[in-house]
Amino acid sequence: MTEQASAAHHPQSRNRHSGGSQQSVVENVTGAQSLIRSLEEVGVDTVFGIPGGAILPAYDPMMDSSKVRHVLVRHEQGAGHAATGYAQATGRVGVCMATSGPGATNLVTPIADAHMDSVPMVAITGQVASHTIGTDAFQEADICGITMPITKHNFLITDPADIPRTIAEAFHIASTGRPGPVLVDIAKDALQARTTFSWPPQEDLPGYRPVTKPHAKQIREAARLVAEAKRPVLYVGGGVLKAHATAELKVLAELTGAPVTTTLMALGAFPDSHPQHLGMPGMHGSVAAVTALQKADLIVALGARFDDRVTGRLDSFAPHAKIVHADIDPAEIGKNRLADVPIVGDAREVLADLVVAVQAEHEAGNPGDYTAWWKDLNRWRDTYPLGYEMPQDGSLSPQQVIQRIGQLAPEGTVYAAGVGQHQMWAAHFIQYEKPATWLNSGGAGTMGYAVPAAMGAKAGVPDRTVWAIDGDGCFQMTNQELVTCALNHIPIKVAIINNGALGMVRQWQTLFYNQRYSNTVLHSGPDEAGPPVTAGEGVPGPSAGTRCPDFVKLAEAMGCVAMRCENPAELDAVIAKANAINDRPVVVDFIVHEDAMVWPMVAAGTSNDEVMAARGVRPDFGDGDD
């Protein structure tokens, strides 16, 4: 990849060349000072972290930096997810920092999360002094070895002279090609030693040359298949967002007239309101999107990886479809589904070239005719729309709560979701019209992601409203970062979809385990069959059950404005009040019906042909295949 091509798609990578000194400047500094100067030069403005012994030398010069803001989190996992949220909301590299041993290992989950979702992140960890590495020294852990399978690359620095070059390389690797996390582990004595700092450094990355320009012959072949197809589908993945290629996608979609599906990681890449958008495919995708892929004769996969949650049982996925698979990572092409036309390249360049090639097919008299296909698609879309039933007991519907949050939120609001039922409902019932408005843990499915990711997003785009849509189970994993938000003036808003249970696991127990709710009820003790524990004499157990802990009191103790909503009649007023508060974090405890389920659904390990529109409702497609 040329530096010009890299910079065109990755703003922070461009800062590597132009954000700081225009010519080499040599300074006599400590390794720690060299680290902070290097971070300034690559354009870092925010670091999420916690100091500790091995990384402590770096924190002293950071105090003097006028360019780098440090956000002191309450747990290193929060730092990692905040860096991810920052990166997803801004398109720049997120940065987190931790000390050696347990500090570094607490970053493993967010690093793995970023790796699965191709998020550009640089994690900087302190390491014990170089002469004690391998001796089981206090707080020593081989974090490079531990994270090797879950990083795009990692470095161990023992020579302070290597710090500028390594930081420059780390940011370049993280932000170019297929983005991903890079770990930089620095020995404490390298931070303490004297060295010289000069910028820009001479990078040394032999063999790292991501291919961005697609092969012209493959592009022409793809365009020919699009023109010849009768039932094409554009299967859009998160790579389109990473490549900042949403404008090109819209041009191609409207030029071809083909239906578009956007994966969980690609929501916002194509407007939900667009008439060609069928919704999200996969295990909990819309019936129209799931069925379109199954019955397609051509799938054009753009920055997507045919993961199991999209394909269902792989040997039954899209049995009649030819596959055009475009991805910047050649390892993804053919990994799960053989590609008839493999295209290696940056999604933005692939789409731009495809537009030209499809236009040439049109000019040659091959415009493609999908009239019959759209007749089927519209029938499925109209017959099996997304929807939900209101609870019969007058309690709050979780779907309605999330839908109204989306409808009442200011334009440009960013949503960060935890993992589970609320994540799927947020994907379904909030309209995503623009990129970088939907953040979630797609590949790893990390509970506890939402609050710190929302914090990182708000730090990166402070002028935009940020809502975390979280479950009561997820919220109890990382809610301590609300203290970080309160003390650092990061006014996120949190909606706790509180059904008193691990909702998605409970749904599976309902459907597949004969309603035996083993260890999924969050508000009762070990004897779940017995009476609920009361809060004291005269306090009724059942109504108090979903209030252990009392999230309102907990949030207030952490410096937030807190509210509770149980009555549908109060829903809009509560959301409006939350939207109006912008000087502190806001937490709303929405007490919702516990039996709500996510539909549609394809049971794990089954074919997408077996999609259920609702419980007991198998779609009839009118073609004899269902």
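Val26 touches Thr196, Phe197 and Ser198, leaving out residues up to four places away in sequence. This comes from a predicted model, and the contacts below should be read in that light. Val26 sits in strand β1, which covers residues 25-30. Its C-alpha atom is 7.4 Å from that of Trp199, although the two residues are 173 places apart along the chain. Even with those contacts, Val26 counts as exposed: its relative accessible area is 60%, and the cut-off for that label is over 50%.

Gln400 makes a handy counterpoint. Gln400 belongs to helix α18, residues 398-408, and comes out as buried, with a relative accessible area of 18%. The buried label applies because 18% falls under the 20% limit. With neighbours within four places in sequence set aside, the contacts of Gln400 are Tyr388, Met390, Pro568 and Leu571. Leu571 also falls in helix α26, which spans residues 571-580. As for Val611, which lies 211 residues from Gln400 along the chain, the C-alpha separation is 23 Å.

Helix α26 leads on to a sheet. Helix α26 lies across β17 (466-471), β18, β19 and β20, and runs at about 165 degrees to β20. Those strands are part of an open sheet of six, ordered β16-β15-β17-β18-β20-β19, with parallel pairing. At its edges are β16 (438-439) and β19 (561-565), each of which pairs on one side only. Further in, β18 (residues 493-498) and β20 (residues 586-591) are joined in the parallel sense by six bridges. One residue pair illustrates the register: Ala495 has Val588 of β20 as its bridge partner.

There is another open sheet of six strands, and here the order reads β11-β10-β9-β12-β13-β14, again with parallel pairing. β11 (277-279) and β14 (341-344) each have a single partner strand, so one side of each has no neighbour in the sheet. Ignoring direction, neighbouring strands of this sheet are turned by 20 degrees against each other on average. Strands β9 (residues 232-236) and β10 (residues 260-262) run parallel and are linked by three bridges. Within that pairing, Tyr235 is matched with Thr261 of β10. This sheet has a helix across it too: α14 (residues 287-295) lies over β9, β10, β11 and β12 (298-302), at about 105 degrees to β11.

That leaves the enclosed space. The structure holds three cavities of 30 Å³ or more, and the second largest of them contains about 40 Å³. Its lining is made up of Gln421, Gly503, Arg506, Gln507, Thr510, Glu594, Asp595, Ala596 and Met597. Helix α23 (residues 503-512) supplies the largest share of that lining, with four residues. By residue class, the lining breaks down into two nonpolar, four polar and three charged. The two nonpolar residues are Ala596 and Met597, because Ala and Met both count as nonpolar. The charged group consists of Arg506, Glu594 and Asp595, because Arg, Glu and Asp are classed as charged.

Conventions
Residues are numbered from 1 along each chain as its sequence is written. This is a predicted model: local features need pLDDT of at least 70, side-chain atom pairs count only at pLDDT 80 or more; totals for chains, interfaces and linings use all residues. Side-chain values use heavy atoms; hydrogens and water are left out. On a 1 Å grid over the protein atoms alone, a cavity is a set of points where a 1.4 Å probe fits but cannot get out, and a pocket is an open set with protein on both sides within 12 Å along at least five of seven lines; lining residues have an atom within 4 Å of a point. Grid points are joined across faces, edges and corners, and a volume is the space filled by probe spheres set on the points. Helices (H or I, at least four residues) and strands (E, at least two) are DSSP runs, numbered from the N terminus. Two strands pair if DSSP finds at least two bridges between them. Contact means heavy atoms within 4.5 Å. Axes are lines fitted to C-alpha atoms, for helices over the stretch in contact, and angles run from 0 to 180 degrees between N-to-C directions. Buried means under 20% relative accessible area, exposed over 50%, partly exposed in between (1.4 Å probe, protein chains only).
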